[in-house]
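Colleague: Before I trust any labels, I'd like to know what stands behind them. Can you put the model up?

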Amino acid sequence: MFRTLTWALAMAWRDSRRERGRLFLFAVAVAAGVGAVVAVSGFGRSVQKSISYQAKSLLGADMVVSSSAEFTASQERFLNSIGGEQAHEVAFASLVRPAKGGAARLVQVRGIESAFPFYGRIETVPQGSLDGMRSGRGLLADAALISQMGLRIGDAIHIGGLKTEIWGTLTEAPGEGFGVGMMVPRVYMTLPDIYRASLLKGRTMVKHHAYFRLPPDTDVAALVEQRADDFRELELGVETAKARELRMGRVWKNTAAFLNLASLLAALLGVTGIAGAMQLHLLGRTERIATLRCIGVSPSAAFLVYAIQAVGVGVGGGVLGAGAGAFMQNALTVVLSRFILLDVRIEPVWDIAALAVAAAGLVSFLSCTPAFIQLRHLSPFQALRPSVPGKKNTRKETSAWAAYTLAGAGIVLGSLLLAPGESWGQKSVFAAVCCGAFAILSALVTAGIWGTCAMARSGKSYAVRHGLANLRRPQNRSHSVAVALGFSVFVICFAALVQRGFEDKLLQPGEPDMSNVVLVDVRPAQVPAVARLLQSMGLPLLESSPVVSLRLADPAKPAKDEKKHPTSRDTKHESGWLGEYKATWREALTTGEKIAAGEWKTRYAGVGVIPVSVESGLAADMGWDIGTRLDFTHGGRPMKVEIASLRSVDWMQIRPNFHFVFPPGVFDELDGSFMLSTHARNTEQSGQVMAAVSREFPTVSAVDLGLAMSLVDDIARSVRGGARFLAGLMIVVGLAVLLASASASQTERLRECILMRTLGMPSKIVKTIFAVEFVAVGTVASFSGASAALGGAWLVGRYALGIPFAVPVGTLVAVVFAVPLFTWLSGWVITADLLKRSPMDVLRYGQ
Amino acid sequence: MSQGSSTSKESGSKVLLLVADGLCKSFSSGQAQLPVVRDVSFRLAEKTTCAIVGPSGSGKTTLLGLCAGLDTPSSGRAILFGHDLADMSEEERAALRLKNVGFIFQNFQLIPTLTALENVMLPAEVLGTATARKDAMDLLAAVGLVDRAHHYPGELSGGEQQRTSIARAFINRPRILFADEPTGNLDADTSYSVVSLLYQVHKLLGTTLVLVTHNIDLAKAADQLLRMEAGRIVPDLPA
Ligand SMILES: Nc1ncnc2c1ncn2[C@@H]1O[C@H](COP(=O)(O)OP(=O)(O)O)[C@@H](O)[C@H]1O
Ligand SMILES: [Mg+2]
């Protein structure tokens, strides 16, 4: 057994002699595909990891527990029982007044312990002013506040009864909460300072936070789940970094699904694309195998030799690809990390690489099964009479079908293994998409070849007729070549189509119609003037929404303790600590919103209960549902509302969001204030806007959503980088497959070419014949591939990814024309080579 | 497959190697059955030579294939070394051929990616002979090709290729050698040298020789002459 194996290995190696270049080409095709999978999965993993880290840095901790009152002794005991490290923080709204005189402004004061943050950093200008703040020399304030109040670092200000100094500008700080309530400038100081100055005395709306750093392997979600009852009983709110990660991760997950799909297609293209070529290579061994069998090599030993070759190409290509993929992953990560803030670290991909190599070997073997079956049933007689076609009997037909089924199963299995979906369901969808694409493509190519051959009969020129007729000749394998090529066209077009759609949706945040600077507390009368100001600075007025503040007076939960309203579980919705909800009214949903349940009501008759729409996250937190009735007070006036719909808000679209949306006609325009938003191209511009606004409209607050925006931008850029990279790789795979296919049929062409020349045909005609044939194959391939891609992208975009269908005409046209051009070129190279070869070579080498 | 036990004896002296008993072979073309070999019977003793002659298309190659177990007969039996080939599996027949049967083809059938030496070594390597390389060199020397040992078949002339294939056929010391028109692709002089080489080796090693040829002169030198016509063996009319 062992001897047979070593012999087969040696034989497989020797047998490949003169064709190693070709086999290497096959391996390269596999490698490009496997490389794509490894690089993309590894890259996806890196980004996922960094999103996870980023989520922690945005929160500053693994978990934050909050209460609307000072932690009681029992709450403290509970917190200590959780373990890990803690850092406490208090947050409250307060007025600040410059010591030199001037208008007071509402700010959000945060008192922190120096252990905070556990992840991420508090960034200040000048650097190091954090230490000054921590040692109690002053406070850190948002740039917005400093510019709005016309202050400078070092100026003294009053907060409540405390007089202190602005020690630095806060540029970035992690922390709990992000929402409408946050649209107030922040001021950071130390917790001991707050207690020392008794700033909390007499305040009702103080939020207490306990930030946790938990041991690295803690399953935070499970911990929260386990202790859910305790949290509820003790009236503690909790938010975890994991939950945020999921929200951000959702975006990335869609993206990764797309990238993975594309890389999977590349891999399949690489592996199955050369399957035809590999089979051709194997079938070219017919006489050799017959001879071996005559000599007395057993069928299984002969099979082993060629199985080794097939697996060798797959595994060799796989290893090559895994190495290249790991390298490309690093390169991609390094290049990308220059453009994004996300701290992307390179993650090892051993498992993916091993899986991909194994799958490549397996699929490469299985996709050769039809050839193996043919060779297995080969009669050694064919050495005596090479022209004898393989015997046809029903047993063999059945086994051929079994082989095709097996090969198909192998491809499905390979795609299932490689598809990095989360569930088997998801993986099956990938597999189905790929196999479906293959089947459809094959049908399209058959139709295309049939149509072309029909045209051939009416052709005038002999060379054209002959060239087109060549498509139908079995040994030319036009069908497999066209399917392989068509598949690469399909993949490139599909990727381009889906990428375009994806970008259309995903990249909006970075595009100029997305708000990233928000102006709040704009009085109705100021709106035109503020709009003019924006216009004069060349900034668009993207949104202008009326804002009203409502207080909840829920009869279901009688206000035994008003300050604990709405409920202690409300931690995501910062307005909780202001005791207020932000509401607006309008007729239509904005682009980032979707109705999750109920019905969007735009009319209010003027009497009776008012139908409103609630943000679904808030509703879930509060335990509200469609039909829940709530009592609000607005400016002291009670109003009854009923929840008519729940809105889910696309996290991608970081825009000012409202808890409640009323139908028009409930409030008076002049009742509340307005919220305006614009898009600043960069942080410099956003600083200018904020300064100008606060100069001209001192009562208006301007908030920069830049940080969160930049994270979304980062993700979008990662997507774009990944997608471009893949498209490039896909072309490499396609070309490798084309060359492999063309090279595999070279022997046939050589024979035909020599024969034609022996018959005395001028080489010009021979060239024309081949050119016509190659261009025809390329054209059939590119049109089949492109139309399959159009259909596929539309379906996938519509039903799987939920993205708009946009046709990148340029790419499509380029690919559709490039492929025939390329086949023509490679045909030219090959025939030039053939015409150069002397007929003697054929007589000598024979096969 | 021990040689001694598996051979039957005839008239107490000669060991019978090959018995063809009513061999028939037909190919189906569409509905019709095309008989190619019809009821052929003959016996072949150890250490003898046998020539099969007949016009092209008379079924010689087909008969050879049936006798060597490359194909199965439609009816009748082929018994090689006492084994009914039809009773053996593909693997068993392969093993039998590897050790006991040599082949020479009209178009040489050397493996183009193997050197002459490697081609000759091949059957011995498969068998696991430790001295494969040395044996192959010895045989190449015997056929006068030592200096071409490392050349590929494409670099050898037809006669050289056929001599290489003869060396390959003998490396496992087969008891029987089938040659299907071994000189069909060679000129007269080369043909002569190739066939005399075959007879030489036969004499030296006692290998039973089954030779298909068109050349009646070459055939005359054989112990037994089978003339085929339209799939049947016809009586050999004295010229
Ligand atoms: N696989 C086959 N199917 C149909 N006919 C065959 C097949 N193999 C051989 N024949 C026919 O059998 C006849 C004998 O062939 P062959 O044995 O090669 O003759 P020879 O070797 O004497 O020239 C020929 O007419 C040939 O056409
Ligand atoms: Mg013949």
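What follows is a chat about how the labels were earned.

Modeller: Ground rules: this is a predicted model, where local features need pLDDT of at least 70, side-chain atom pairs count only at pLDDT 80 or more, and totals for chains, interfaces and linings use all residues. Residues are numbered from 1 along each chain as its sequence is written, chains are lettered from A and ligands numbered from 1 in the order in which they are written, and side-chain values use heavy atoms, with hydrogens and water left out.

Colleague: Fine. What makes Thr164(B) buried?

Modeller: Buried means under 20% relative accessible area, exposed over 50%, and partly exposed in between, with a 1.4 Å probe and protein chains only. Thr164(B) has a relative accessible area of 0%, so it counts as buried.

Colleague: Which residues does Thr164(B) touch?

Modeller: A contact means heavy atoms within 4.5 Å. Leaving out residues up to four places away in sequence, Thr164(B) touches Leu110(B), Ala116(B), Val120(B), Leu145(B) and Leu156(B).

Colleague: And what does the side chain of Thr164(B) reach?

Modeller: The backbone oxygen of Glu160(B), at 2.7 Å. A polar contact is a pair of N or O atoms within 3.5 Å; within protein, one must be able to donate a hydrogen and the other to accept it, and residues adjacent in sequence count only if both atoms are side-chain atoms. Thr164(B) itself lies in helix H5 of chain B; helices are DSSP runs of H or I with at least four residues, strands are runs of E with at least two, and both are numbered from the N terminus.

Colleague: Which residues of helix H4 of chain B are buried?

Modeller: In H4(B), residues 132-142, they are Ala132(B), Ala136(B), Leu139(B) and Leu140(B).

Colleague: Why do you put them on the same side of H4(B)?

Modeller: Because they cover an arc of only 100° around the axis, where the arc is that of the directions from the helix axis to the C-beta atoms. On the other side of H4(B), Lys134(B) and Ala142(B) are exposed. The cover over the buried residues includes helix H3 (116-127) and helix H5 (158-170) of chain B. After H4(B) comes Gly144(B), with a positive phi near 75°.

Colleague: What makes you say helix H1 of chain B is mostly covered?

Modeller: Nine of its nine residues, 60-68, are buried. Among them are Lys60(B), Leu63(B) and Cys67(B). Gly69(B) follows H1(B), again with a positive phi, near 75°.

Colleague: Over to the aromatics. How many pairs are there over all chains?

Modeller: The structure holds 11. Rings of Phe, Tyr and Trp (its six-membered ring) pair if their centres lie within 6.5 Å; planes under 30 degrees apart count as stacked, over 60 as edge-to-face and the rest as tilted.

Colleague: Why is the pair of Phe78(A) and Phe231(A) called edge-to-face?

Modeller: Their centres are 5.1 Å apart and their planes are at 90°, so edge-to-face is the right label. Phe78(A) lies in helix H3 (residues 73-82) of chain A and Phe231(A) in helix H8 (residues 228-233) of chain A, so the pair ties together parts that are 153 residues apart in sequence. Both Phe78(A) and Phe231(A) are buried.

Colleague: How do you know that Arg20(A) lies over the face of Trp13(A)?

Modeller: A charge sits over a ring if NZ of Lys or CZ of Arg is within 6 Å of the ring centre and within 35 degrees of the ring normal. Arg20(A) is at 3.6 Å from the ring centre of Trp13(A), and lies over its face.
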